[in-house]
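Visitor: I would like a close look at a single part of this protein, with enough of the surroundings to place it. Could you take me through one residue with care?

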Amino acid sequence: MVELQCPPESVLCITYDTFAELSPEKAAPNEHLRKIARLTLIGVLTQITNRPGGADCLTDDEKKIVQLLANHYLDTLGQREFAEALDALKNLPEKAKEFWRENFWLVNSVAGFALTKLGIPLQQPRLGDTVGNALDPSPTLHLALLGKIAAAAGLRSVYVLIDKVDETPATTNNPEAAYALISPLARDLRTLSTAPYGFKFFLPDTLGPFHRAYGRPDRIPQFELKWNWEDLREILLRRLSAHSGGAVTSDYELVDPESGGAPAATPEQLRHLLEDWIYKFAHGSPRDLIRIWQHIVAEQLRADPNAARVSIDAIFTGLDQFCAERTLEIVPPKIWSELQRVGRLDFTTNFVANDVFKIEANSARNKIRAWTDTGVVVRQADRQMKGARRPVYHYAIEDLRVARTLMSEYDAFNFWMTKVYECDACPTVVIRDWDRESSHVCRGCGSQIDYEPDEP
């Protein structure tokens, strides 16, 4: 959206999302800044070459600085690296990109070609040479200098979007490593406040706790994208319409209502299934919603590739496959094995210690602490047990995907009837063993819930 909204003649948009040469252990502020400075320099040079009069907008000192920086950042840049850099400059006119791609090979280097186009002599000064005062080799200073040159070239701002920090081999499914990779830049307040730059970090929500603990949320605001089930349904319906040329506008049109189920779905149950349940399992994630439907369609193709619509059985099976897959992604194997031994969706410390693992209460607390660290298990309101002098800690599975996988012996409707309750006072989905205990407190709003599920 930023790329679409920003006029290329006044705003340079840079996407910084390639970290192949960096590792979480060795990431340092200067490593990030050098790469961003190189991208900024190429964008500024492109801006200058597309201006009427070219480099006439620069003073002699600014031309010398461009020469120094071009020799430093671009002199050894190969064709592949240069092509990747052009791709990172998202709102450059395609005509400008094609010009670079077709012509920069005419000279020995990108730097030489750029300087030739700007009418700057091809000399080889070093960063220690004097331009007024000595030019410090710090990339922080280089960004500041490039900001001034960008302004002289007519750019009001340089917008840097940092993305995909969790998509390297070292950071996939490792939020701590992902934060370690990007934190040198995310915590560099001096750089982040340098004019005319604007930095935006598009990060997975699993990095939020690390930023709050080790970053400066008071200086760097943190915003969270939240999608409720109505938003997700709107996304799906719009995609169905767009990819079918307007022929399909509802998920009802995808499903065969006469296809039965386990047990057969009533019209009311089918409505809940398509308008509510599937979106709850997506857990507020558009990506997971797409994954759910991928599993559903794949299951239908496996069962009957000639079917005109998706069966209810395929929906249930696809949902269960997604839940099992997602559970293994978010719950470490050791913890998942322990939760399976517990075999309940809500439990107390005493139950875990005395009935499941036969261990001391302190040891049970340590286990439960590891479970809560994953975010899958959450402490609820304390419970007063019969014969106990004081309330005991009470915990419950908070993630619907994990709960469904843990209770896989229940069919879909039975699981929803006996384990899930949607609070009447707030949007919270309350996951409990309602068939064991019918009275609980909603964690979302604190209201008392008394729910006795019908017989399956």
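**A buried charge and its setting**

Guide: The protein exposes about 23900 Å², of which carbon and sulfur atoms supply 49%. This is a predicted model, and it has 19 helices and twelve strands. Of its 456 residues, buried ones make up 46%, and among contacts with a separation of 6 or more, 63% are between residues 24 or more positions apart.

The residue to look at is Glu62, which is found in helix α3, a helix that covers residues 60-73. Glu62 is buried and yet has no salt bridge; the nearest side chain of opposite charge belongs to Lys148, and it is 8.2 Å away, whereas a salt bridge would need a side-chain nitrogen of Lys or Arg within 4 Å of a carboxyl oxygen. When neighbours within four places in sequence are left aside, the residues in contact with Glu62 are Cys57, Ile149 and Ala152.

For another view of charge in this model, turn to the surface, where Arg365, Arg369, Arg389 and Arg390 form a positive patch. One of these, Arg365, lies in helix α17, which spans residues 361-373. Arg365 has a relative accessible area of 35% and therefore counts as partly exposed, since that class lies between the 20% limit for buried and the 50% limit for exposed. Glu62, by contrast, is buried.

Notes. Residues numbered from 1 in each chain as written. Predicted model: local features only at pLDDT ≥ 70, side-chain atom pairs only at ≥ 80, totals over all residues. Heavy atoms only, no water. Helix = DSSP H or I, 4+ residues; strand = E, 2+ residues; numbered from the N terminus. Buried < 20%, exposed > 50% of the residue type's maximum accessible area, 1.4 Å probe, protein only. Lys, Arg positive; Asp, Glu negative; His and termini not counted. Contact = heavy atoms within 4.5 Å. Areas by Shrake-Rupley, 256 points an atom, 1.4 Å probe, with all protein chains shown as cover. Patch = residues over 30% accessible without salt bridge, like charges linked within 9 Å, V, L, I, M, F, W, Y side chains within 5 Å. Charge placed at Lys NZ, Arg CZ, Asp CG, Glu CD.
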